[in-house]
Amino acid sequence: MQTPAPTDYVRATSVANAIALLEEHGEEARILAGGHSLLPMMKLRIARPEMLIDINDLDELRGIRVEGDELVLGAMVTHREVLESPILSEHYAVFREAEKVIADPLVRNRGTVGGSMCQADPSEDLSALGAALRGTVVIQNSSGSRTVPLREFHEGPYETKVGPAEMLTEVRFPIRPGAGSAYEKVERRVGDWAVCSAGVFVTVKDGVVADCGIGLTAVGAEHFCAPDAEAFLIGKAPTEENLRAAAKLAGDASDPSSDQRGPADYKKHLAEELTFRALTRAAAASQGA
Amino acid sequence: MTAVEEVPISAAGNPIGFGNMKRVEDQRFVRGQGNYVDDVNLPGMLHSAILRSPFAHAKINGIDTSAAEALPGVVAVLTGAALEGIPRPSLLGDNFAWMPTLSYDTQAVLATDKVRFQGQEVAFVIATDRYIAKDALELIEVDYEPLEPVMDAKRAMDPDAPVIRDDKGQTDNSITDVHGAKTWESGNAIGTAEAIAAAEADPDCVVVTQEIMYPRVHPSPMETCASVAQMDKVTGQLTLWTTSQAPHAHRTVYAMVAGLPEHKIRVISPDVGGGFGNKVGVYPGYVLSILGSIVTGKPVKWVEDRNENLVSTSFARDYHMTGKIAATKEGKILAVDVDVLADHGAFNGVAQPTNYPAGFFHIFSGSYDYPNAHCKVTPVYTNKAPGGVAYACSFRITEAVYLIERMVDMLAAELEMDPAELRLKNLLRPEQFPYTSPTGWVYDSGQYELTMREAMRIAGYDELRREQAEKRARGEYMGIGISFFTEGVGAGPRKDMDILGLGMADGIELRVHPTGKAVLRLSVQSQGQGHETSYAQIVAHELGIAPEDIEVVHGDTDQTPFGLGTYGSRSTPVSGAAAAVVSRKVKDKARLVAAAALECSPDDLEWELGRWKVKGDPERGKTIQEIALLSHGSLELPEGVEGHLEAMTVYNPPNLTYPYGCYICVVDVDPGTGQVKVRRFIAVDDCGTRINPMIVEGQVHGGLADGIGMALMELIAFDEDGNCLGGSFMDYLLPTAMECPDYELGETVTPSPHHPIGAKGVGESATVGSPPAVVNAVVDAISPFGVRHADMPLTPANVWRAIQGRPVRVDLAVE
Ligand SMILES: Cc1cc2nc3c(=O)[nH]c(=O)nc-3n(C[C@H](O)[C@H](O)[C@H](O)COP(=O)(O)OP(=O)(O)OC[C@H]3O[C@@H](n4cnc5c(N)ncnc54)[C@H](O)[C@@H]3O)c2cc1C
């Protein structure tokens, strides 16, 4: 049995209340969402918050909806809700494809979108997806809220733009009619973190790529994206040769380090190979194949 | 394959004898009502936690426990220095800081001079609850002076390598066995060298050489190790509830370590949540809970967490092997030679029979007919956790089978011959049994070709090869891997085998109550094998008493006779035989009682299941239940026959039993990512008589999952600073149902001629036999890229690197 260090616990009654509690308890307080990142770290005593502010009662942070030309996910939407959402599937196949390979059903039942974003693990799958779709997040504090593009959200591994007495309340994604999307992940075993994942969308219009987004996780790509590869593809026909060339640029955007998941050369290769595979499927989907 | 004997069915619907029967123990397990060590809670019980070394190799300059002792709730803090101060009235040393291992080495209970592996026990906190004990660990200050860690067995052999066991006055890192030898050899060194040299010089022969690493893995039982010690100061009685696969052997070791009188020690292993060899050794934690109870006068519970289990308890394998196989170009194997560097970690804690310092590795000549085989094994100390015989390895037969089955596949590739054909050419033939192997084993029985052809039939082998050829033409990479294994299990004959001087024979007692219900007392300890069911079936088979009328008692040294425990697949071969023999003793006595009651000569009686009857007058007879009552009643018994109906025996196996099997694995490999998908797994086992086929299949299923795990993902590696890189289940990957296909099982039945019921043991067969099948399949799949060998675990990265021709050392940190 793992034994975390002593900690206190309180259930927030509203977002405002949670923020007030964060202000009251200062640096040593932490938001508790699904707990699937925070609790394992506490059990190993890597994290030792003195106060846990549980936001599981906050219905205002739940729900998936369309608002104008955006998909809006509350911070407390679970992985499972993303996986099973007909609204998200209707617009992007990539949500379902990514969620199918995130963790296992137990983790997906409780782990949340907000928690994943705020955890900001360098191998977080939703970070690749968010970067690919150029999503935004809404961050709230006691004086109001602001919107931050996901491609500016991460300050480094496990570090985000969410400040000490702030909360992430929503994640938003632009709707792109005609876009095809796909997710590719290599893991050592089902339920494991990614050795590398690539999530992409491609909009093909009149035989050329009108828009695209490429997200990469676990390979050290800055802001989980590959902008040079995207720029290269715009205006080009989605031929195998062009997709390969773009994938090569995605590989160049990665800067992996060696660890037990694999050596850096392999991960770089995967960034390229998985981007190519995802682009191929997404382009085909956009063209109605 | 073989027709199942008709067995009568009991009132409860169970076979009165062999056959499928649901496991009795599952009634409590599926209800969540098992009783594990952590479920033991005694009045006034204290809890504990162990401070472990963050360094793999460091000098300890001092330990300050004062802040921990001051924490409210902390009762005591023990250190190595404190233990050195407690005199020990025993033959094995003069204080409690060190304890003997099962291989005549010493191991620190708490480090005194140095720490020698990351995770080594440094201090022991006893407190009123588990959380306080853990909190107190953070308050202990240890002044470490880091030393160069030796994480590579090859580096350990360097003359300038740091000496790990300076406590023993060693000047190098070699391990000396009880006979004073630094290497251990078996087989015919000269004949093998000559045969290989001749083959090298002969244009009609080939020799294949390969370095093969069987990396370090961990058994990872679901229940971690734990103990509750209760020392009664008034009576001097020590009761220890503990996670042990061998309660009797442990009791004797505690008597030696603690200098306590053995009759005052009671070891209880309640339900044990998986062992796989992890719970054979005696760990410092167990000893510390005993010392804690002696010091505090209260019961003390120690329960390891997952990280502690992974980093500090008995690992398995860590064998660096170099194999050489010689054969004719027609595919007749001529000789095999193996050189092994064996990494034993910081203390030599392997748990194998004394005369076999490399376990049963020398069974590596395998299932094939050739005259020359030789191995040389050199064990070394490194700064890694101790252990070495674990994870269902049959005393290192896992390594042996992996070596020979990889070498045979490499030979097939060299000869461009189908690996099935090559095996069929060389398998031992039925008329060769009993077969004396080149390294001296006497295989009892086998019909190897029959078994192999059955596996090929289930697999549709030829069709698979056709499919593979078609796929290759399309650029798809499918692989077919075969493994044919022979194990020697059931240690063992007293004349050859002991552990710490304790012979490996098993006692057993059977008592039939007046109403004909029975209780069987076993020395072996179940960790999931289903003993409570199979042993009742053995007695049922012999005496005709329904299994539900037989209580099987095990896991308590006060209630069971002496024996060495459950590991190395020894329960059925040894204690299973004992159960049959003791039942026959009861049956023989029952005959005398029946004769007295029927007023005839015992010779006039013949046995039918459950009843002695008069020859030629079958209506006249007495059932075993009637005889039980008569035995306890007023019937006048013949001269020399005592009342009651019970017997005991000690079974000394005349030889090991030799289960074997043929496994075929089919994989698909994605060469762009290196991912392996195990598509099919065919396992045909011949374990002799099957007592409960359902339990046999369960054992095989579990073992196959183990093998797939080891082949594809499980690994305990270390970085150069000595950090263990497999300390959690996020890092040490175990397979899930998603990685395991629907197993296709088959059987042949070749009973052991010397075992009373012909059973051979099957607990480890699948773990032993499956890794080479998976690896052979993966290598077969990627052979078009020129790959002949790749070391486990075949993670996507390692497969991809093998395809690129960039193989890696798997046991060190990935670079
Ligand atoms: C076995 C296992 C396997 C996993 N595999 C994968 C995988 O394959 N891919 C993958 O991407 N992830 C994986 N995960 C991680 C999982 O997806 C995340 O743990 C989880 O989704 C994080 O969300 P949570 O709700 O559990 O966050 P929590 O653990 O509750 O919180 C995580 C962090 O975010 C902060 N936080 C949470 N919500 C907010 C908020 N609204 N505002 C501000 N801060 C907040 C918390 O204070 C904490 O610091 C795995 C986890 C486990 C346990």
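Start by selecting A:V72 and A:R172: A:R172, in β10(A), is the bridge partner of A:V72. Keep in mind throughout that you are looking at a predicted model.

**Stop 1: around A:V72**

Widen the selection to residues 70-74 of chain A, strand β5, and residues 167-174 of chain A, strand β10. These two strands are antiparallel and pair over five bridges. Now bring in their neighbours: β5(A) and β10(A) belong to an open sheet of five strands with antiparallel pairing, in the order β4-β5-β10-β6-β7 of chain A. What stands at the edges of this sheet? Select residues 64-67 and 144-149 of chain A, and you have β4 and β7. Each has a single partner strand, so one side of each is left without a neighbour in the sheet. Ignoring direction, neighbouring strands here are turned by 25 degrees against each other on average.

Next, add helix α1 of chain A, residues 15-25. Helix α1(A) lies across β10(A) and β6(A), the latter being residues 136-141, and runs at about 130 degrees to β10(A).

**Stop 2: the three-stranded sheet**

Keep α1(A) selected and show the other sheet. This one is open too, with three strands of chain A in the order β1-β3-β2 and parallel pairing. Residues 8-11 (β1) and 29-32 (β2) of chain A are at the edges; each has a single partner strand, so one side of each lacks a neighbour in the sheet. From one strand to the next, the twist averages 25 degrees.

To see a pairing in detail, pick β1(A) and β3(A), residues 51-54: they run parallel and are joined by four bridges. Which residue of β3(A) is the bridge partner of A:Y9? Label A:L52 to find that partner. Helix α1(A) packs on this sheet as well, touching β1, β2 and β3 of chain A, and its direction makes about 175 degrees with that of β3(A).

**Stop 3: the ligand**

Now centre the view on the ligand. There are 32 residues surrounding it, and the closest are A:I31, A:G34, A:S37, A:H79 and A:T112. Colour by chain here: the surrounding residues come from chains A and B, so the site is shared between chains.

Three distances to try out:

- An oxygen atom of the ligand lies 2.8 Å from a polar backbone atom of A:A33.
- At A:A103, a polar backbone atom is 3.1 Å from an oxygen atom of the ligand.
- At A:S116, an N or O atom of the side chain is 2.8 Å from an oxygen atom of the ligand.

**Stop 4: A:E230**

Select residues 227-233 of chain A to show helix α9, where A:E230 has its place. Is A:E230 buried or exposed? Its relative accessibility is 5%, so A:E230 counts as buried. Leaving out residues up to four places away in sequence, A:E230 touches A:R134, A:R151, A:C212, A:G213 and A:I214.

**Stop 5: over to chain B**

Select residues 247-258 of chain B, which form helix α7. Its 12 residues reach 16 Å from the first C-alpha to the last, close to the 16 Å expected. Of those 12 residues, 11 are buried, including B:H248, B:R251 and B:Y254. Just after α7(B), look for B:G259, with a positive phi of about 65 degrees.

Finish at residues 605-608 and 611-614 of chain B, the antiparallel strands β30 and β31, joined by four bridges. B:W607 stands opposite B:W612 of β31(B). The two strands form a hairpin with two residues between them, and B:G610 in the turn has a positive phi of about 90 degrees.

How values were computed. Residues numbered from 1 in each chain as written. Chains lettered and ligands numbered in written order. Predicted model: local features only at pLDDT ≥ 70, side-chain atom pairs only at ≥ 80, totals over all residues. Heavy atoms only, no water. Pairing = 2+ DSSP bridges. Axes fitted to C-alpha atoms, helices over the stretch in contact; angles between N-to-C directions. Contact = heavy atoms within 4.5 Å. Expected span 1.5 Å × (residues − 1). Buried < 20%, exposed > 50% of the residue type's maximum accessible area, 1.4 Å probe, protein only. Near = heavy atom within 4 Å. Polar contact = N/O pair within 3.5 Å; in protein donor to acceptor, adjacent residues only side chain to side chain.
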